[in-house]
Each structure stands twice: as C-alpha cells, then as structure tokens.
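Reader: Could you take me through some backbone and packing details, reasoning from the geometry in each case?

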Amino acid sequence: MKSNITLIFEKGIDEELQNYIPEMDIEVADLKEIIPQILLRNDIPIPNVPEIEIVRHFVKLSHKNYGVDTGIYPLGSCTMKYNPKICESIERLPGFSQVHPLQEENQGSIELLYNISKFLGEITGMDGFTLQPAAGAHGELAGLLIMKKYFEHKGIKKEKIVVPDSAHGTNPASAKMAGFSIIELKSNEQGEVPLDHLEYAMQGGDVAGIMLTNPNTLGIFDRHIKEITQIVHNNGGLCYYDGANLNPMLGICRPRDMGFDIVHLNLHKTFATPHGGGGPGSGPIGVINDLSPFLPEPCIISTENGLVCKESAGKSIGRIKSFWGNFGVIVRAYAYILALGAEGLLRVGKIAVLNANYLRILLQQKYKLPYNRICQHEFVISDKNMPNNITTEDIAKRILDYGIYAPTIYFPLIIQGALMIEPTETESKESLDYFVEIMNKIYEEAKENPEILKSAPHNLPVKRLDAVLAARKPVLHD
Amino acid sequence: MDFVPHDRKTITEMLRVIGVADIEELFQDIPKDLIKEKLDLPTGLSEPDLFRHMEEISRKNKIYTSSFLGAGCYYHYIPSLVDFVISRSEFYTSYTPYQAEASQGYLQAIYEYQTMISRLTQMDIANASMYDGSTALAEAAIMTTLITNKKSIFMLEGIHPEYIEVVKTYCWGQNISIEITTEDKLLNQLNEDVAALLFQSPNFFGDIEDISKLVKHVREKAPNCLLVQVMTDPTCLGVIKPPGLTDIDIFVAEGQSFGISPSFGGPGLGIFTAKKKYLRKMPGRLVGKTKEINGTREGFILTLQAREQHIRREKASSNICTNQALCSLAALVYLLAMGRTGLKGIATQNFQKAHYLKSKIGKIPGYKILNTKPTYNEFLVKCPSIDSLIYQCKQRNLLPPLKISKYYPQMKNTALVCITEMNSKDSIEAFIQAAQVALNNKAEG
Amino acid sequence: MSYEFPSDLKYTTSHEWVNLNDSIATVGITDYAQHQLGDIVFVELPAIGMVLEKESNAGEIESVKAVGDLLMPLSGEIVEINEQLAESPELVNSSPFREGWMIKIKIFNTIEIDELISVERYKELVKSEE
C-alpha cells in the first residue's frame, strides 16, 4: 500500500544540478594530489532535487503546521506571543548577519551586546550580565555553575539545591549537570513554597540555594517571596530566578528586588524572538555584583577607551558556548526592547495578566481550576470532574480539531491532568472569546458525545498517533 | 510602539468581566514595596525610527568584499530558497512540536533532517540538534561518561580552543577529569579508566587526520574507550570519508556552514550523531515515524521523550530543552538544494581554491605553510609579519585571516587562512598581493 | 481499579515483587506499578555479575510519559536478567508476575528477607496510594 507520506528523499532527478556552485576560476589540480585516495568518500546518498520541487515540498509541509501567525497559541510557560516582523528585517541587515565573530572591526556588535546587557540589568535589577547561553536551560546551567564556583572560592562545601515540585523540568536537570543533588520541596495548598519546609531544608548546611520561578508554573505570584529569599540568604544560600515566567513582571516587579541573586531570561519568550519550532533561543543570565567575577568569559566592559572585551580575571566559570552567544536572536530582542521602550514593556506585563485572568474567569464556569485565584500570566485547569472520564489529552486533541493549538498538557506535574494556559498580551479579545467558545463547546461534547473527544483529532492530516509504537520500535530516519 | 491589539474600551469591558476596577488590582499578590515605579529605559520607537537606529549600529560593523577568516565560522554561499523556507511563519513562529497531529509539517522536516544527517555522516542516528558545535562536543563528552561509567576524558590538541574551553566548563560541573594531549603521547597515556578520546578532523589548524589509523591504535590500546570526532566545517563531507565508515562512536559538528549566516557566531547548529547502541543515552530531541493508533496512516512524533528533562528531571542525561530547530531546517534545505552533486562540487572547490592559494603563498619568500598533513579549506602560514599582512588585507577590503596567537600566544606571526568557494580568483590574487606587499612593508604592522 | 496480588510472593514498598527459591530471588514490578507507569516502552537492566546493595538502583522502566526505578529488594549478585524484555518490554504490562520478570538475584543476607512485606500489607499500601 502506498504511504500517505512523501519524503523529499523520494524525489530527485539524474541531472547533475550545479545551480549553487560558483564558477571554478582557478587552475584546477588533480584532487588525488591534494588529498590521498584513502581519505575520500565514494558516494553521497542524497538526491538532486530541482528547486521548484524543494519549494513545493516545504510549502506543503508548512500547511501541515501551526504558528503564532496562524492563531492563538496558549501554551503555558512558553509565552507564545507575536513576533514583530521588523525584528526579522533588522536581524538580516548585512551589518549584523554577515559579521564574523572573530573580526576586529565589530564595534556595532559590541555596542549592541553592551547596551542590551544594561537594558536587561534595568529590567531585572541585576548588575552583571552574560549573553552567551543559547537557551533558558543553558542559562540555568551557567547560573548554577556560578553558584558552584562562588562557594568553591569561599571554601564552603555545598552540594544540594532546593527545587519546588512545581518547577520546570530543566531546573532539577540543570542542577544535576552542575553537580548538585536535588531536594524537592512540595508546594502547599496555595501553590506556594511552604516556609517551614524551606527553613528545615536549608538548615542542613550543605544547601547552595534555591531555584524558583515566580510567578510559578501555576501562574501564582508567591506572596512570601521576600521571606523565601530571606530564609535562603540567612542560611548562607543563593537564590536563582528562573525567568521563564518573567513576561507578566515586565515593568511591574524585578527579580533582584524580590531578593534573587541570579536570573536567566528567555529572550525567545519575554522578548518576542521567534521560537522557530523549538529554537534557536537565547538565555542570558544576570547576577548581583558579588557574583559578577564568576560570569562566563568574555565580558564586555566600558572603559575610558570605549567598550572593550575582558577575558578571564581568574574566577570565571569559563566558556559555556563558542563565540558570543546566539547573536542573531539577541539583535531581535534588542530591537524589540527599543521598539517598546519603558511604557511598552510595562503594558506587556499588564495586558498579559489581564488576558490570562479574563480567560480564567470565563473558563472556570465549566472547568475545574485547582488553584482558583487571581493569576498572573497563566493558570491551570484540570481534567478532574470531567464528564465521561474525558482526559486532558482528549481535550487537547479536540482543541486542535477546531483549528487552534492546545495548551501545555500534563504540566505542572503536581496537578492531575493539567492544562496550562498562557494567552500572552498579543491576543485580542475576539481571539480569547473564540478560545472560550471552543472550550465550552468541547465541554458540552464531553457530556453529550464523549466518543468524538476520545477519537480526536478528526480534521488534521493524521488521527491520534501511536507514541508507544514510536518509542518501542524507534524509526528515526529513512 | 507595542503589539497589544486592545483598545481602551475593550480593556474596560474585560476588567468588568473579571470583576476588578483596574489592572493594578490583578497584581494584589505582589507586596507593595516590590512594585517598580518606572523602568529607566528609553521611550519606544516607531518602526522607521527603529530601523534607522539599528541600521546605524549595524554600520559600525565592517563588511568586507571577501573573507580569509574561518576558525569555526565560515562564509559559504546560501541559496535564496533557504531563507524563503525558514521564513514561512508556520515554521518560524511555531513552538516545539509537542502536539504531533497539528505539527506534522515540522515533524516531517526534522525527520528529514535526521535522515539527511545520517546519510551525510553515515552514522546510525542523528538527533534534532544541539546549540552549537562546542556544546554538542561537551554533551558528547558527558554522554561517554554515562555510557562507560568512567570519569576521565582525553582530548587531542587541534580541537577548536573555544570548544576545549566549553568542554572543560561542562566537565568541571560533573567532576570529570580532562587531559589534553597529542597523538604521539596519547598511546602511552591511554588506560582502561578513560571514557573517551575527543578529537577534531579537519582540525583547528586545518589538518585532516588519518582517522582509520587513529581508531585502530586506540581500539588496540583501550578497547572500551569511545571515540568522539568533531568538525567545524562539515562541507568537507562532500568529498572526504564520513565518520560512520571509520568506526567513530559519536560524531558532532558545527552546522553553521549549512545555510546559516555567520551572524557574529550565533545562532549556529549543533549536529549530534551516534551509533545506534547509544540511543538511550543520547541527549536532545528525536523525531520518530509511527502510525495512527486507530488507523493505517503514517505520521511523525517526538519520541523517546522519557530520556529528556521534562519527564526524567534530575535523572536526565542532559538539561537541553530549546535547541536550534530553525537552524536544522535551514541546514536541511541547504543540503537538499546542493544535492549530492552540489555537495561534492562545493567541497571540491574548497579543496582546490585553498590548495591554489597554499601553493602560491608557499612560494613567496618569507612565508611558510606549516601543515604537513592534507588540509581542507584552512591552513597555517608562518608570515614575516602577521600585523603587516592584516593591515594589507584591510587596505584591500579583505577580511584578514586569524592571528592564531589570539588562542596560542606562543605561535607568533602565524595566520590561520581560510578559503571557501566564495573566494573568487580576483580575491585570491588580491590576498597574494597583500602578502607580497606585507613582506616589503614590515614596518607598517 | 482492581489489580492482581499473587499471595505466594513477597513485596516491597517501592512496588517490586520477590519470589524466593532457596538463595535465588526472582524480581519484577507489580501489576499496580505497571498500571501506574502505563505502556512500557523500554526496560534497562543491570549487567550479570553486578553486586548491588538492597534499595540501590538496579534498573529503569520507561513508559512514554514516565520513568520508574527498579530497586534491589535484597542485597546480592545479579545472576540472570530477562533478555526478552529488550525486544518485548510490553511483557511487563501483559504479564508482570510471570513473563515480565526482570532480574534474578543470588542473595547474601537472609535477614533482609524479613524486611520484605506480605501481600496483605502490600494491598493496604496500594489502597492508601490510590
């Protein structure tokens, strides 16, 4: 039977296509004289596909995909906001895209990196910044290595990190990569960090600090944040702020003022650079003065002779990535900050929270909200009490049928059948109302016609796919 | 400007539905003294003002007519259709394809990327990407320690110095020891406690190693030591033997050469491949082919996710989440556009043009090619005065080669020269002229 | 939900079952445990000859959405592993107490046997977790 899928590798012609090879305008030597035969390969099992076939193939594939430009993308903790087109045009300017990382005449790039560090410093309250980390998790690793180095320099042995059970999975994984073991802290019934448990955990003496997301993954701002950071500091620890949820705090409240010592930002969330189907991102980290000497090298500093690049001062954790970081992403974020300015950024925070609460109020009429109180950028509903044993996965797959993307599902882990919803500030009221309308319709279907949910999706290129088969018998290429 | 689509009336209406008087009320959980008064940032700009401002900054970076600089970041021709495809907003404004049925387009593209990389490298499996070549190498080092349960890594000199630094940083985090050594000393030092040998070929200095020989020696001396190869410009695979045919355990590379602009060194693409038996220890995302649960159609899905941090949390072998998806799409489109003919053609031109310049430079008195092994598109030249050569290049609007003392202070007056298919004969002649003039005008340096 | 609880076996609080036959203990995970994990896609088992302490990690059981540990119920040497699980991890779901067994241990310390729990106590434990 013919497959429903056509891979590009099935296309191609025998013609030797040479469209993209410039003229060979020098005298050519016998390749065998340049390189011994034994080092050469015989064939390359890759087809020669005419340009029109390639273009049509990918345009067809794009029709089977969904982006923020298609419609609402309410993935909790992912901040799927609109990506301004001007930032794309700017990033493609030759003076940015064609610059070599090792060229000397790079004052434009250096100035941009320096300026955005200052902006991010103002936004978070932090003193020193590095732009090297390529993503949020990469920033977490850098931040935790800084913690490790800091205590190593002080000659204090600290081997554990406290992470609440509502944290993003990257937090414990990053702590582990930096050589720490994890103390998991159970959230209380308010979805917040229980102060007495934290106090107890910190008293062990070998705890380097805490990793915290605030607002947390339930969308709740921890009212005791100052007490939390105080407890950690009193016990000689440091506080790490996971900036994945910074969007609603823009212009409202700064991690430094909450008592944090290290923060990472996700430029591909808060600062509107495109997610690109999973990357590239950028995860700069900011630190307080005491920790600045430990930042990855190189750092850019301002001197009498202008901006200069400072190499190791001996305390740095070293490099975390080659060259300067994901510069192309940083350019877009810088342009975004300049476009919005102080006023615009404040409006981002406010409207992100307005939109989330608007959805929350309308959805709570039918759906169960385990933590139903004013939220910040996101909130979580649960499949508990759904009619006819309808699960979160059923709801999500049915949402896809209505032509929009589903929320984050089964996260945070502390809520049974979680659906985590983050609309962001760039969704219009019409778009939010449409989402509510669909969710209400799905609730009615769950009551009246549960089969249609259980077998969803129906209107997409494929029906529900077999994840078990994919994992038991992995087919990872053709 | 901002990108909020509400008018004032709408906001009032929404506040009424929520049941609060103003937006500030929604921030009631935040202690009053934590509320920031006003950010000290410039006022927002309109699009034309923003564009003008950004263009001015971009002009402070010099753009040359031709480049002789590589060292981990390369100027290769990028077919126009690469940017066309990655600019389809169904791709670039999408998230990680967690909802498979609504993401079949991107999932198939990643599956095709994995297939493309497997075929090009002849390695069993490729993941969906890492951040860049340096972090791919560091993650490979960590992966070998998990496979072997050993905590010692050897690296051969000739790995990109910044990659060495990154591997050191990652390994320090997990108390993995590192030894940097040479091929000569290696065989005496290898022992049963070594998890892996990491090496680069073509290496940082341009040398193409005889990998079959190296592999044979290592296997004889330490059968359980894994071999990890890294490459900074994998366009050479259009001509040279792929790592899958030389018994390499893990092969990683920087994929920037495959259709991605230099962009001041990022974003690039971390290519990560391995033998199939190491699949479960592999970091990063993987797309697999599967079938409908209740149907016959085939489709694609993120698979083996239980390896990853969002499920395994602190037990995961890596913390990677966001990767370089859009760059892997660019690489796929680039490699398809090239096809087998183009890949061979490009690699051949890089060999030929570099060889041409190498033989010409070597004949200028005072200049000496330092490579004794075959080279691809980079090679080392000892110069009478590197500063003078750099000056003369700039005079001719040529991006000068790397002054290698930046990384190896003891290697004075030595240039790492890079040539690709982008260098026309005219630019090569201009470089030769610059080298000749630099010889006569040492003082200018 | 009703689960199978064979009465001739011993159990652990971490959901392993143990079948004792002189000094050799056969070990797997319980019906309740496999239900909690869902469709099992991969089982990683220790190498034969490894000597492991009681409660140390002997293996990992992966489903699509979760990962579980196989803990040593008793200290001892791994003398046999269920090779079939490499190709057919689904046996753990379809037959957790028979074809889905995981490891055989040569036990060192018979005193530890008394620390295993009875089927009655294990049933209570499952009830309280549900």
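Author: Before we start on the loops, helices (H or I, at least four residues) and strands (E, at least two) are DSSP runs, numbered from the N terminus. Please keep in mind that this is a predicted model.

Reader: In which loop of chain A does A:Pro215 lie?
Author: A cis peptide bond, with omega about 0 degrees, joins A:Asn214 and A:Pro215. Most peptide bonds are trans. As for its place in the chain, A:Pro215 belongs to the loop between strand 4 (207-212) and helix 9 of chain A.

Reader: How are helix 8 of chain A and helix 9 of chain A oriented to each other?
Author: Helix 8 (residues 195-202) and helix 9 (residues 225-234) of chain A pack with their axes 9 Å apart and at an angle of about 15 degrees. Angles under 35 degrees count as roughly parallel. Helix 8 of chain A and helix 9 of chain A are therefore roughly parallel to each other.

Reader: Is B:Phe264, which has a positive phi of about 55 degrees, buried or exposed?
Author: B:Phe264 lies in the loop between strand 7 (250-254) and strand 8 (270-274) of chain B. A residue is buried if 20 or more other C-beta atoms lie within 10 Å of its own. Because B:Phe264 has 29 C-beta neighbours inside 10 Å, this residue counts as buried.

Reader: And how does B:Leu304 count, buried or exposed?
Author: Phi of B:Leu304 is also positive, near 50 degrees, in a residue other than glycine, and B:Leu304 lies in the loop between strand 10 (298-302) and helix 10 (309-312) of chain B. With 22 C-beta neighbours inside 10 Å, B:Leu304 counts as buried.

Note on methods. Residues are numbered from 1 along each chain as its sequence is written. Chains are lettered from A and ligands numbered from 1 in the order in which they are written. This is a predicted model: local features need pLDDT of at least 70, side-chain atom pairs count only at pLDDT 80 or more; totals for chains, interfaces and linings use all residues. Axes are lines fitted to C-alpha atoms, for helices over the stretch in contact, and angles run from 0 to 180 degrees between N-to-C directions. Angles under 35 degrees count as roughly parallel, over 145 as roughly antiparallel, 65 to 115 as roughly perpendicular and the rest as oblique. A residue is buried if 20 or more other C-beta atoms lie within 10 Å of its own, exposed if 12 or fewer, and partly exposed in between; C-beta atoms are placed from the backbone.
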